Every structure is written in C-alpha cells, then in structure tokens.
Amino acid sequence: VQLQACGGGLVQAGGSLRLSCAASGRTFSSYVMGWFRQAPGKEREFVAAIRRGDGTYYENSVKDRFTISRDNAKNTVYLQMNSLKPDDTAVYYCAASSDWSIVVARYDYWGQGTLVTVSS
C-alpha cells in the first residue's frame with residue numbers, strides 16, 4: 001500500500017490542523033493505521049492509532065486534543081489536531097500495519113511525512 005500525507009503547515013499555539021493520509025490499493029480497510037511524529041533531533045514517536053473498525057489509542061500528551069479517524073470508503077485516515085502546542089512541532093507520518101501496535105518497527109508502510117510547525 002502507498003500512503004500520501006498532507007495537511008501540515010504553520011499554526012499559532014492553540015490553533016488547529018487536520019492531517020489527511022490517502023492510501024492506494026483496495027486493502028486499506030484491512031490495515032491498522034497510525035500517526036507518528038518526529039521532532040528535530042528526536043526519535044520518531046507514536047501519536048495515535050486506529051483499528052480496522054474504529055477503536056483508537058492515543059499517546060498521553062495528545063489525548064483529548066487529537067482525534068484519529070478513518071474513512072474506509074475513501075481509503076483515508078485523518079488526524080484532527082486541536083489546542084496545538086509548540087511541543088507538537090514535528091514531521092508527522094502516517095503508517096499502516098497488519099497488526100495492532102503502537103511500535104514504529106511494527107508498521108510496514110509509511111507516508112512521506114508532512115511538517116507541522118506550531119509557533120508560540
């Protein structure tokens with residue numbers, strides 16, 4: 001599966017952005033989808049994941065601010081980000097996994113990343 005993420009940009013603290021990730025192929029609904037991020041000088045880290053249905057899981061620092069969702073008819077996964085903070089600044093990646101996981105290494109397919117910059 002090929003993934004194409006978009007929606008990043010520059011936003012002030014407290015603002016919102018919605019990231020989208022479009023997937024190719026007819027098997028999108030069979031994958032667990034995740035969002036990860038990587039800040040400068042830091043390792044890539046888990047942000048949120050959604051099961052093949054709609055069960056979700058979030059990293060603690062984004063819980064109650066970010067919402068992951070998917071539209072299997074459109075082969076797209078979204079990340080709605082509200083109340084953004086400067087610490088959220090990073091390149092955000094979408095990824096697909098055959099199994100439920102929040103571990104980077106368990107994801108088989110990755111999008112190219114989209115930059116989110118939050119100014120204070």
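Trainee: In which strand is the place of A23?

Mentor: Keeping in mind that this is a predicted model, you will find A23 in strand β3, which covers residues 17-23.

Trainee: Is A23 buried or exposed?

Mentor: A residue counts as buried when its relative accessible area is under 20%, and because A23 has a relative accessibility of 11%, A23 is classed as buried.

Trainee: Which residues is A23 in contact with, leaving aside its neighbours within four places in sequence?

Mentor: With those neighbours set aside, A23 is in contact with V1, Q2, L3, F28 and N75. Take Q2 as one of these: Q2 and A23 are 21 residues apart in sequence, while their C-alpha atoms are 5.6 Å apart in space.

Trainee: How does β3 fit among the other strands, and in what order do they form the open sheet?

Mentor: Strands of a sheet pair through backbone hydrogen bonds, and the pairing may be parallel or antiparallel. Here four strands form an open sheet in the order β1-β3-β8-β7, with antiparallel pairing. Since β1 and β7 stand at the edges and each has a single partner strand, one side of each is left without a neighbour in the sheet. Between β3 and β8, six bridges join the two antiparallel strands, and C21 has V77 in β8 as its bridge partner.

Trainee: Which residues touch the most other members of the largest nonpolar core?

Mentor: In soluble globular proteins, nonpolar side chains tend to be buried together. The largest nonpolar core in this model has 29 residues, of which W35, L79, M81 and Y92 touch the most other members. Among the elements that give two or more residues to this core are β1, β3, β7 and β8. Another core, of six residues including F36 and Y107, lies apart from it.

Notes:
Residues numbered from 1 in each chain as written. Predicted model: local features only at pLDDT ≥ 70, side-chain atom pairs only at ≥ 80, totals over all residues. Heavy atoms only, no water. Buried < 20%, exposed > 50% of the residue type's maximum accessible area, 1.4 Å probe, protein only. Contact = heavy atoms within 4.5 Å. Core = buried A, V, L, I, M, F, W, Y, C linked by side-chain atoms within 4.5 Å. Pairing = 2+ DSSP bridges.
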